[in-house]
Amino acid sequence: MKRIGVADTTFARVDMGGAAIEELRSTGTGFKVERYTVPGIKDLPLAAKRLLDERGCDIVIALGMPGAQQIDKTCAHEASSGLISVQLMTNRHVIEVFVHEDEAEDEKELAWLADRRAREHATNAYDLLFRPERLEANAGKGLRQGFDDAGAIL
Amino acid sequence: MKRIGVADTTFARVDMGGAAIEELRSTGTGFKVERYTVPGIKDLPLAAKRLLDERGCDIVIALGMPGAQQIDKTCAHEASSGLISVQLMTNRHVIEVFVHEDEAEDEKELAWLADRRAREHATNAYDLLFRPERLEANAGKGLRQGFDDAGAIL
Amino acid sequence: MKRIGVADTTFARVDMGGAAIEELRSTGTGFKVERYTVPGIKDLPLAAKRLLDERGCDIVIALGMPGAQQIDKTCAHEASSGLISVQLMTNRHVIEVFVHEDEAEDEKELAWLADRRAREHATNAYDLLFRPERLEANAGKGLRQGFDDAGAIL
Amino acid sequence: MKRIGVADTTFARVDMGGAAIEELRSTGTGFKVERYTVPGIKDLPLAAKRLLDERGCDIVIALGMPGAQQIDKTCAHEASSGLISVQLMTNRHVIEVFVHEDEAEDEKELAWLADRRAREHATNAYDLLFRPERLEANAGKGLRQGFDDAGAIL
Amino acid sequence: MKRIGVADTTFARVDMGGAAIEELRSTGTGFKVERYTVPGIKDLPLAAKRLLDERGCDIVIALGMPGAQQIDKTCAHEASSGLISVQLMTNRHVIEVFVHEDEAEDEKELAWLADRRAREHATNAYDLLFRPERLEANAGKGLRQGFDDAGAIL
């Protein structure tokens, strides 16, 4: 039985962690979910590390929703750098799922985007753990999570 | 008996550490506070690490007030990156509470904001240590510390 | 028998990993290729580290195609920093092959550039592993991968 | 007998290290000074680390004078990040004393600023080592090093 | 017998490594040179680390020539950060000698600048290893490598 960690925040305006968990459960079996909610994205690196170190996870999905201002961009950069460090310290993947508030035109699109990106990255996490051959088959295919795929250049 | 570290600075123009400690004490019991004051925010990562390594803290609240200029933004970025490193080295949370001088319109609002953000993050630290289920219940709810909550998108 | 790792992404719009592998095979023998495909460039540092730590690679080529927006530039910076960390943790080279979407005028040039840069860096990886004297002979020669060489200033 | 390290550069246009040492000696006793001069600010992190690791220092003051151009700002950022890493690796404080050339209106003010900031941070280092209660008493007081204190917001 | 490592690139348009070695040899004796050429500046951190870890160097000079575009500035920043990490991991100096293409007015000045900066930093490396008292004597003197010294403010 594998364990998939889901780290999310109270700052996000959409229940991205819930969407990821729902999608994981509709994708396959053979895993348990461990959830860890923190205040903001800068708390996610430690949440991911503790899920891996202390709660036995084999992979983590880290979800957050940075704001639209410059300071939020900087926070996201710090969090992303931390999430990469966690991976290099544990040799396990942490799939970052960030939706920036200014990626969407309005609240409705933001909610749609956050939900869809969370779900598509949940599938990526599942694939990395259970069927990596699906990723290799899609190498260079221009896949995107959330908005439409860009596609391969033929 | 748990220990909560409070790291703050002589640079800040508001006693954010004092506010955090007061709020912690009004929130619950079962913990001791360890305080460590340093000159500026770039000294906070080590203060946090020593609180965790040498004074037995289970969590740290790191409070500071970066100035409004570009150089101050860079300092804050360096300090934030260091605070994330501390967490990954110790597997303990360090809750960053930074109030940028240019977030407020005037000194009065700045003092109000620093006090309120310090208190709301003190509660977050308490929750992470004693009642993490409260955070999970608020996942995706658009919570903010200081200014009003953004709220969940329904 | 040496092992050369090839880490690439499903985000890229060109099969850069495939081009690198083809070029390696036409350059020489004495090595096996290990491929590891991940969703995006921020997943490449761990892919590279696992290729080195868990699949016995002596060197890794990490290929990706960051988008043209500011957020993509930040992602590329985070990934690049992570790739340098991997090298310092393993004492093995990871040759980064990134093609930014805005380096090319159109899709046709982008595909050409991605293919050519992947191939020229595959040769660099081969040289680092099997014939480092070729690199030393070209020190200060203004070599480029993809577009034309700048050349030495005479 | 404690040891205080002083790391400085040949790049700076003012003898900031000398000023720091003079101030330390006029502030108290019970310590020895170890000095380590390097070419530029990017060499300061290692100088600080060696002062701590190899010459037995209990704290280090790292002084430098970055130039006014963008490249100099980037160098200062890299040096500052390195100085924070040193602290986390050694659990000892490294007090950064940087004076940016464009903080001052002319050479005369630059020399004054560099001297005064070096001296005020020398006192901070002394306090961290010998009388930390002085720092805690000044938490949130808006202290500055060099230019006038901003003061607490009452 | 000491060992001085020289790490350089095929990307640079001037043989900066060659200039550094020539200058070292005209400055003194008592050392052997180890050279390691890599494709670009982002490969320099590992080259420096391997020179220190695997080829017994006591110090390394890392030379490169970043381009004039924003992406090149970012690469240089990543490489510089890596070079600082190498120093903190090995407790040995790595003297960075970067010449940005846009520092010079034309190719002729660029070649002159690269040569002179490489030579002046080769002397710095020699001094750090064999006569550190020369650096301390020049603390705060406003020395520069390449263009004219700024000089001390009197």
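Here is a walk through this predicted model, starting inside single chains and moving out to the places where chains meet.

Let's begin with chain E. Its core feature to look for is an open sheet of 4 strands, and if you trace them across the sheet you get the order E2-E1-E3-E4, with parallel pairing. The strands at the edges are E2 (31–38) and E4 (94–98) of chain E, each of which has a pairing partner on one side only. Going from one strand to the next, the twist averages 15 degrees.

For a closer look at one pairing in that sheet, take strand E3 (residues 59–64) of chain E, which runs parallel to E4(E) and is joined to it by 5 bridges. Within this part of the model, E:Ala62 sits opposite E:Glu96, a residue of E4(E). Now add the helices. Helix H1 (residues 16–27) of chain E packs on the sheet and touches strand E1 (2–9) as well as E2, E3 and E4 of chain E, with its direction at about 160 degrees to that of E1(E). Helix H3 (residues 70–90) of chain E packs on the sheet too, touching E3 and E4 of chain E, and its direction makes about 165 degrees with that of E4(E).

Next, hop over to chain C. Here you'll find an open sheet of 4 strands in the order E2-E1-E3-E4, paired in parallel. Its edge strands are E2 and E4 (94–98) of chain C, each pairing on one side only. If you ignore direction, neighbouring strands of this sheet are turned by 15 degrees against each other on average.

In chain C, try following the pairing of strand E1 (residues 2–9) with E2(C): these two run in the parallel sense and share 8 bridges. A handy spot to click on is C:Ile4, which stands opposite C:Val33 in E2(C). As for the helices, H3(C) packs on the sheet, where it touches strand E3 (59–64) and E4 of chain C, and its direction makes about 165 degrees with that of E4(C). H4(C) lies across E1, E3 and E4 of chain C and runs at about 165 degrees to E3(C).

So much for single chains; how do the copies relate? In general, two copies of a chain are related by a rotation about an axis and a shift along it. Chain C can be laid on chain A by a turn of 72 degrees and a shift of 0.0 Å along the axis, giving an RMSD of 0.0 Å. That is the relation of a five-fold axis. The two copies use different surfaces where they meet, with 3% of the contact residues of chain C recurring in chain A.

What does that contact look like? Chain C puts in 32 residues and chain A puts in 23 residues. On the side of chain C that touches chain A, at least two residues each come from helix H1 (16–27), strand E2 (31–38), helix H2 (44–53), helix H3 (70–90) and helix H4 (107–130) of chain C. H3(C) supplies the largest share of that side, 8 residues. Sorted by class, the side of chain C that touches chain A has 13 nonpolar, 8 polar and 11 charged residues.

One helix pair in this contact is worth zooming in on. Helix H3 (residues 70–90) of chain A packs with H2(C) at an angle of about 15 degrees, their axes 9 Å apart. That angle makes H3(A) roughly parallel to H2(C), and the crossing of H3(A) with H2(C) is right-handed. The residues that meet are A:Ile84, A:Gln87 and A:Leu88 in H3(A) and C:Pro45, C:Leu46 and C:Lys49 in H2(C). By class, that contact comes to 4 nonpolar, 1 polar and 1 charged.

Chain C also touches chain E. There, 23 residues of chain C are in contact with 32 residues of chain E. The elements giving two or more residues to the side of chain C that touches chain E are H3 and helix H5 (132–137) of chain C, and H3(C) gives the most, with 6 residues. That side has 8 nonpolar, 12 polar and 3 charged residues.

Finally, look at chains A and B. Helix H2 (residues 44–53) of chain A and helix H3 (residues 70–90) of chain B pack at about 15 degrees, with axes 9 Å apart. H2(A) and H3(B) are therefore roughly parallel to each other, and their crossing is right-handed. Here A:Pro45, A:Leu46 and A:Lys49 in H2(A) meet B:Ile84, B:Gln87 and B:Leu88 in H3(B).

Definitions and conventions. Residues are numbered from 1 along each chain as its sequence is written. Chains are lettered from A and ligands numbered from 1 in the order in which they are written. This is a predicted model: local features need pLDDT of at least 70, side-chain atom pairs count only at pLDDT 80 or more; totals for chains, interfaces and linings use all residues. Two strands pair if DSSP finds at least two bridges between them. Axes are lines fitted to C-alpha atoms, for helices over the stretch in contact, and angles run from 0 to 180 degrees between N-to-C directions. Two residues are in contact if their C-beta atoms, placed from the backbone, lie within 7 Å. Copies are superposed by least squares on the C-alpha atoms of residues with pLDDT of at least 70 in both. Ala, Val, Leu, Ile, Met, Phe, Trp, Tyr, Cys and Pro count as nonpolar, Asp, Glu, Lys and Arg as charged, and the others, Gly among them, as polar. Angles under 35 degrees count as roughly parallel, over 145 as roughly antiparallel, 65 to 115 as roughly perpendicular and the rest as oblique. A crossing is left-handed if the near helix is turned anticlockwise from the far one by less than a right angle, and right-handed if clockwise.
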